[in-house]
Amino acid sequence: QRIIFENQLKALKNENIVSQVLISPKTIDLTITDIHLLEENKKLFFEVGYDFKIKNNTQIEIISTPSSFITDNPKEQIESFLEEIKNNNLNINLKEYEKIAKTVAYSTCIKKNRILNEKEMLDLIRSLFKCESPFISIDGSPCATLFEPKKIFKYDSE
């Protein structure tokens with residue numbers, strides 16, 4: 001989350017969001033409520049790199065996605081992003097980049113229980129330590145804990 005948040009915040013501040021146009025647009029089904037929410041927040045989705053057309057009351061056609069989000073399932077990402085908007089009651093008219101960046105980070109981060117290979121883990125750690133605040137998550141909790149070797153290998157002599 002921290003990595004995505006900081007990258008997204010920088011991109012928003014610099015108006016440097018890059019979209020990747022899909023070779024063939026993807027049609028996804030959503031609820032009528034989600035279609036309305038998507039329509040109300042179209043500017044927000046566009047600012048973070050999504051472009052879509054509303055086909056009808058329950059379908060959209062995704063034309064482009066943020067190039068920084070690698071996904072096989074844009075529907076899952078859109079639904080997750082919509083949930084974050086619902087939970088945070090984002091108002092795009094406020095144009096608060098931090099709220100947008102947090103929403104993007106929460107909805108696109110690596111989910112719990114996803115198994116990473118060694119290279120992915122090392123890349124993730126390297127990226128985290130390149131952040132401005134690598135030790136604090138975006139919700140204020142610690143991202144990492146420092147253990148002293150003496151305390152890890154301390155043996156009870158009693």
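This is a short tour of one protein structure, with suggestions for what to select at each stop.

**Before you start**

The model is predicted, so keep in mind that local features need pLDDT of at least 70 and side-chain atom pairs count only at pLDDT 80 or more, while totals for chains, interfaces and linings use all residues. Residues are numbered from 1 along each chain as its sequence is written, and side-chain values use heavy atoms, with hydrogens and water left out.

**Stop 1: the whole chain**

Show everything as a cartoon. The protein has 7 helices and 3 strands; helices (H or I, at least four residues) and strands (E, at least two) are DSSP runs, numbered from the N terminus. If you follow the chain along its sequence, you meet the pattern α-β-α-α-β-β-α-α-α-α.

Now colour by burial. Of the 158 residues, 34% are buried; here buried means under 20% relative accessible area, exposed means over 50%, and partly exposed is in between (1.4 Å probe, protein chains only). Contacts come next, where a contact means heavy atoms within 4.5 Å. Among contacts with a separation of 6 or more, 68% join residues 24 or more positions apart.

**Stop 2: helix 4**

Select residues 74-88, which are helix 4. This helix has 15 residues and reaches 21 Å from its first C-alpha to its last, close to the 21 Å expected at 1.5 Å a residue. The expected span is 1.5 Å times one less than the number of residues.

Which residues of helix 4 are buried? They are P74, Q77, I78, S80, F81, L82, E84 and I85. To see their surroundings, add strand 1 (19-29), helix 2, helix 3, strand 3 (59-66) and helix 5, against which the buried residues of helix 4 pack.

Zoom in on F81, which is in helix 4. F81 is buried, with a relative accessible area of 2%. Leaving out residues up to four places away in sequence, F81 touches L44, F45, V48, T103, V104 and S107. Draw a distance line from F81 to S107: the two are 26 residues apart along the chain, yet their C-alpha atoms are separated by 5.2 Å.

**Stop 3: where helix 2 meets helix 4**

Keep helix 4 on screen and add residues 32-40, helix 2. Two packed helices are described by the angle between their axes and the distance between the axes. The axes of helix 2 and helix 4 come within 11 Å and cross at roughly 75 degrees. Axes are lines fitted to C-alpha atoms, for helices over the stretch in contact, and angles run from 0 to 180 degrees between N-to-C directions. Helix 2 and helix 4 are therefore roughly perpendicular (65 to 115 degrees; under 35 counts as roughly parallel, over 145 as roughly antiparallel, and the rest as oblique).

Show side chains for D34, L37 and L38 in helix 2, which meet I78, L82, I85 and K86 in helix 4. The residues of this contact divide into 5 nonpolar, no polar and 2 charged. Nonpolar covers Ala, Val, Leu, Ile, Met, Phe, Trp, Tyr, Cys and Pro; charged covers Asp, Glu, Lys and Arg; the others, Gly among them, are polar.

Pause at K86. K86 counts as partly exposed, at 34% relative accessibility. Beyond residues up to four places away in sequence, K86 touches D34 and L37. K86 and L37 are 49 residues apart in sequence and 8.6 Å apart in space, C-alpha to C-alpha.

**Stop 4: helix 5**

Select residues 97-108, the 12 residues of helix 5, which should span 16 Å; the end C-alpha atoms are 16 Å apart, which agrees. Highlight I100, A101, T103, V104, A105, S107 and T108, which are buried. The buried residues of helix 5 pack against helix 1 (2-13), helix 3 (42-48) and helix 4.

Is K102 buried or partly exposed? K102 is partly exposed, with a relative accessible area of 28%. Apart from its neighbours within four places in sequence, K102 is in contact with F5 and I138.

**Stop 5: aromatic rings**

A pair of aromatic rings is described by the distance of the centres and the angle of the planes. A search of the whole structure finds 3 aromatic pairs. Rings of Phe, Tyr and Trp (its six-membered ring) pair if their centres lie within 6.5 Å; planes under 30 degrees apart count as stacked, over 60 as edge-to-face and the rest as tilted.

Select F129 and F135: their ring centres are 5.7 Å apart and their planes are at 65 degrees, so the pair is edge-to-face. F129 is partly exposed at 44% relative accessibility, and F135 is partly exposed at 48%. Finish with F45, Y50 and F52, which ring pairs link into a cluster.
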